Amino acid sequence: MARGLLRLRRLLLQLSQGGQGAAPRPSSGPAASYSTAVISNKVKVNGVHLHYQQTGDGDHAVLLLPGMLGCGQTDFGPQLKSMNKQLFTVVAWDPRGYGKSIPPVRDFPPDFFERDAKDAVELMQALKFQKFSLLGWSDGGITALIAAAKYPQLIHKMVVWGANASVTAEDVKLYNAIRDVSKWSERTRKPLEEMYGYEYLSKTCEAWVDGISQLIHNPNGSICQPLLPYIKSPTLIIHGEKDPLVPRFHTEYLHEHIKESKLHFMPEGKHNLHLRFAEEFNRVVESFLL
């Protein structure tokens, strides 16, 4: 009896949400028999305790990989809230030194992207996901590219946006322009400052600029260029036409060197297009993943 009442309440909640303009969801089982809660936990991976958030009960596992200084809480609110929880199990992780995966303090050795890729994959394995898709933004997109190339048997599909496979002199100028967080807009700085405090945010941003800029000394400024041909998973590359941080030529390079990848342009999208145009972004991504 209690279980029946609970299912009825869930169904009424689903119907009320649909009445407010929510798109109807495909059904593959009893109505509202899936979880909408977002759990938060930590798991030990590669000697550090990594924080993650998880929601949904779908068979298709998806890992969300945040950008520079970001974490699940700051970077993927609309995805954790609104991605289809019946079809997908969504995991958003905090890379070491970011979000609630502190300690350790974040550092940027020459292989920090490879380290993040290893951490991310082993986190999902620790959570018992045998195969999963990747949604990577900015630095998280680079991490996703490396993970997909190095662990192709584990990656189902991949979506990246705001990512680049190399560092150019133009990029270094763009990075140095954001070195001083006191010059950021309050809207951009505030959620990160609330997460870290000003001192940690400021020092880590400066360390990131130095860490990613050092990669320009690699042949062709490569971050992961030689790995791209090893990516086997179906890949969607999204580009915001007004992205001030990642010029379009980076997106075109990825498309050219990732076999059978697909491109999707968002004319009004900037670097944070998945937040600014979350409904459109989620719709495009879900359609690709299914």
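## Asking the model to justify itself

Me: What makes the length of α11 agree with the span expected for a helix?
Reply: Take 1.5 Å a residue: the 12 residues of α11 should then span 16 Å, and the end C-alpha atoms of α11 are indeed 16 Å apart, so the two agree. Bear in mind that this is a predicted model.

Me: Which residues of α11 are called buried, and why?
Reply: The label needs under 20% relative accessible area. In α11 it goes to A278, F281, N282, V284, V285, E286, F288 and L289.

Me: And where does α11 lie?
Reply: Helix α11 (residues 278-289) lies across β3, β4, β5, β6, β7 and β8. Its direction runs at about 155 degrees to β6 (155-161). Angles over 145 count as roughly antiparallel, so that is the word for α11 against β6.

Me: What makes β1 and β8 the edge strands?
Reply: Each of them, β1 (38-45) and β8 (262-266), pairs on one side only. The open sheet they belong to has eight strands in the order β1-β2-β4-β3-β5-β6-β7-β8, and its pairing is mixed. On average, neighbouring strands there are turned by 20 degrees against each other, ignoring direction.

Me: How do you know that β3 and β5 pair?
Reply: Pairing takes at least two bridges. Strand β3 (residues 60-65) and strand β5 (residues 132-137) are joined by four, so they qualify, and they run parallel. As for who faces whom, L65 stands opposite G136 in β5.

Me: What about α9 and this sheet?
Reply: Helix α9 (residues 248-257) packs on the sheet and touches β7 (235-240) and β8. The direction of α9 makes about 170 degrees with that of β7. With the cut-off at over 145, that pair is therefore roughly antiparallel too.

Me: Why are α7 and α8 called roughly perpendicular?
Reply: Helix α7 (residues 186-196) and helix α8 (residues 198-213) pack at about 110 degrees, with axes 7 Å apart. The range for roughly perpendicular is 65 to 115, so the angle fits.

Me: Which residues make that contact?
Reply: From α7 come R189, L192, E193 and Y196, and from α8 come Y198, Y200 and L201. Sorted by type, the contact of α7 with α8 has five nonpolar residues, two charged and no polar ones.

Me: How many helices and strands does the chain have, and how much of it is buried?
Reply: There are 11 helices and eight strands. Of the 290 residues, 51% are buried. Among contacts between residues at least 6 apart in sequence, 74% join residues at least 24 apart.

Note on methods
Residues numbered from 1 in each chain as written. Predicted model: local features only at pLDDT ≥ 70, side-chain atom pairs only at ≥ 80, totals over all residues. Heavy atoms only, no water. Axes fitted to C-alpha atoms, helices over the stretch in contact; angles between N-to-C directions. Helix = DSSP H or I, 4+ residues; strand = E, 2+ residues; numbered from the N terminus. Parallel < 35°, antiparallel > 145°, perpendicular 65-115°, else oblique. Contact = heavy atoms within 4.5 Å. Nonpolar A, V, L, I, M, F, W, Y, C, P; charged D, E, K, R; others polar. Expected span 1.5 Å × (residues − 1). Buried < 20%, exposed > 50% of the residue type's maximum accessible area, 1.4 Å probe, protein only.
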